[in-house]
Amino acid sequence: MTSSPNLLLTIVEAILPILVTLGFGYFAAYRKDFDAQQAGVLTRLVMLYALPLELLVSILSTPKAQVFSAGPVAALILLAMIGGYFIVFSIFRFAFKRRMSEAAMIAMTVTGPSVPFIGIPVLGQIFGAASGVPISIAALAMNLIQLPITLIMMGHDHEGRQARSPSAERRDELKELVGHLLHSCREPVVWVPLMALVLVSAGAFIPHFLKGSLQLLGRTTGGAALFASGVVLFTRQVRFSPLVGTIVVVRNIVIPGTIYILARLWHLPLQALQESVLTMAIPSASINVILAMRYHVLEREIASVLFFGTLSSIATMAFFIWLTGA
C-alpha cells in the first residue's frame, strides 16, 4: 500500500499544475498580454485540433479488452451527467422558479466536469493512456446531449417566442434540437473519439512513429485550455455567493460522492470505480463561462464557480484520490 508521503506527492503532482497554469493565465490577463478574445482563440485551437488528437492517441493506445470493459464506467458517467442534468434543471426550474435559461445554465455547470481540459493532466497522470476512455465518454455526453439541450433552453429565453400553438412550438424545438445535434456531430471533439473507438474495436492500433507526431500538438491540450481559462477568469469579477457555494459543493463533492456510493453498491471493479469517481470529481468546465458570457446569463456567478470550484478541487480531488486509492 502506498505510504502517506508518496500519496500526498502523487496528489500534489496531479492537481497543483492546474492551479499554477490557471495562475499564469490570470497573470497574463492582468498584464494585458492576453484578453478574452485571444483566450477564445486558444480554446478554439484546443477544441478543434489539440484535444481531438489527444483523445485519438489515448484511445488507440488503450488495449481493446480495456475499452470493451468500460461499460460500467460509461453507465456511471452518463447517469451522473445526463440524469443529474435533468434533476438539477427540474429543481431550479420548478422548485426555485428560475428562468429556463438560468436553470439550464446551472444544470450544465453542476453536471458538466471539465474533462477535456482538467481531465487530461489529472486523469492522464493517474491512469495513463486508459484515461482516454472516461474522458471521451464524458466529452461525448457533454457535446451530444448536454450542450445542445442547454443551447435550446438558453436560446428560448434569449430570443423570446412569438405566440404559437403548442404543436408548432414543439416542432420548432425539435428542429432546433436536431440542428444542434448535427452541428455537434461535425465537431472533431465528437467524431474523432467515436472513430477511434470503432478503430480499437476493429483491432487497430497507432504506430509508434505516428503516435509521437500526433502527441506533439495533443499534449498542449491541458496547458493551453487552463491558461485560456485563467485569462477568462480575470475578465470577470468573481464573487462568492450562496448560489456559487451550492453549485461548487454539489459539483465537487455531492456528485462524485454519489457515484462512489453507487459503484460500491454495484460491486464494480476497483479501476472502474476509480475512473468514474475521479472523472466526476473534476470541477466545472470553462465552456460554461463562455456560454454564460454569450447569452448574458449568470455571468459573474458561473465565472465564480469556475474560480472557487477549481481552487477547492485541490482539496476535494485529493480526498477522492485518497478515498478510491487511485
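The following exercises, each with a worked solution, concern side-chain packing and pairing in a predicted model.

Residues are numbered from 1 along each chain as its sequence is written. Because the model is predicted, local features need pLDDT of at least 70 and side-chain atom pairs count only at pLDDT 80 or more, while totals for chains, interfaces and linings use all residues, and side-chain values use heavy atoms, with hydrogens and water left out.

**Exercise 1. The nonpolar core**

Identify the residues of the largest nonpolar core that touch the most other members, and state which helix gives the core its largest share.

*Solution.* Begin with the term: a nonpolar core is a set of buried Ala, Val, Leu, Ile, Met, Phe, Trp, Tyr and Cys residues joined through side-chain atoms within 4.5 Å. Buried means under 20% relative accessible area, exposed means over 50%, and partly exposed lies in between (1.4 Å probe, protein chains only). The largest core has 97 residues, and Met81, Met105 and Ile106 touch the most other members. Its largest share, twelve residues, comes from helix H7 (residues 132-159); helices are DSSP runs of H or I with at least four residues, numbered from the N terminus.

Next, take Met81 alone. Leaving aside residues up to four places away in sequence, the residues that Met81 touches include Ala138, Ala141, Met142 and Met280. Contact here means heavy atoms within 4.5 Å. Thr111, Gly112, Pro113 and Gln146 are also among the residues touched by Met81.

**Exercise 2. Salt bridges**

Determine how many salt bridges there are, and establish which residues are joined into one network.

*Solution.* A salt bridge requires a side-chain nitrogen of Lys or Arg within 4 Å of a carboxyl oxygen of Asp or Glu. By this rule there are three.

1. Arg31 and Asp33 are bridged at 3.0 Å, N to O. Asp33 is partly exposed, at 39% relative accessible area.
2. Arg98 and Glu102 are bridged at 3.2 Å, N to O. Arg98 is partly exposed at 25%, whereas Glu102 is buried at 14%.
3. Arg99 is also bridged to Glu102, with the closest N and O atoms 3.5 Å apart. Arg99 is partly exposed, at 42% relative accessibility.

Shared partners thus join Arg98, Arg99 and Glu102 into one network.

**Exercise 3. Aromatic pairs**

Classify the pairs Tyr85–Phe86 and Phe307–Phe308 by ring geometry.

*Solution.* Rings of Phe, Tyr and Trp (its six-membered ring) pair if their centres lie within 6.5 Å; planes under 30 degrees apart count as stacked, over 60 as edge-to-face and the rest as tilted. The whole structure contains ten such pairs.

For Tyr85 and Phe86, the centres are 5.5 Å apart and the planes meet at 80°, so the pair is edge-to-face. Tyr85 is buried at 2% relative accessible area, whereas Phe86 is partly exposed at 39%.

For Phe307 and Phe308, the centre-to-centre distance is 5.1 Å and the angle between the planes is 80°, which is again edge-to-face. Phe307 is partly exposed at 27%, and Phe308 is partly exposed at 23%.

Tyr26, Phe27, Tyr30 and Phe234 form one aromatic cluster.

**Exercise 4. A surface patch**

State which helix gives the most residues to the nonpolar patch.

*Solution.* The patch consists of Val12, Leu16, Val20, Phe24 and Ile314, with about 390 Å² of accessible area together. Helix H1 (residues 4-30) gives the most, with four residues. Phe24 lies in helix H1 and is exposed, with a relative accessible area of 53%. Nonpolar patches join side chains of Val, Leu, Ile, Met, Phe, Trp and Tyr within 5 Å, from residues with over 30% relative accessible area and no salt bridge; areas come from the Shrake-Rupley method with a 1.4 Å probe.

Key
Helices (H or I, at least four residues) and strands (E, at least two) are DSSP runs, numbered from the N terminus. Patches are made of residues with over 30% relative accessible area and no salt bridge: like charges are joined within 9 Å, nonpolar side chains (Val, Leu, Ile, Met, Phe, Trp, Tyr) within 5 Å.
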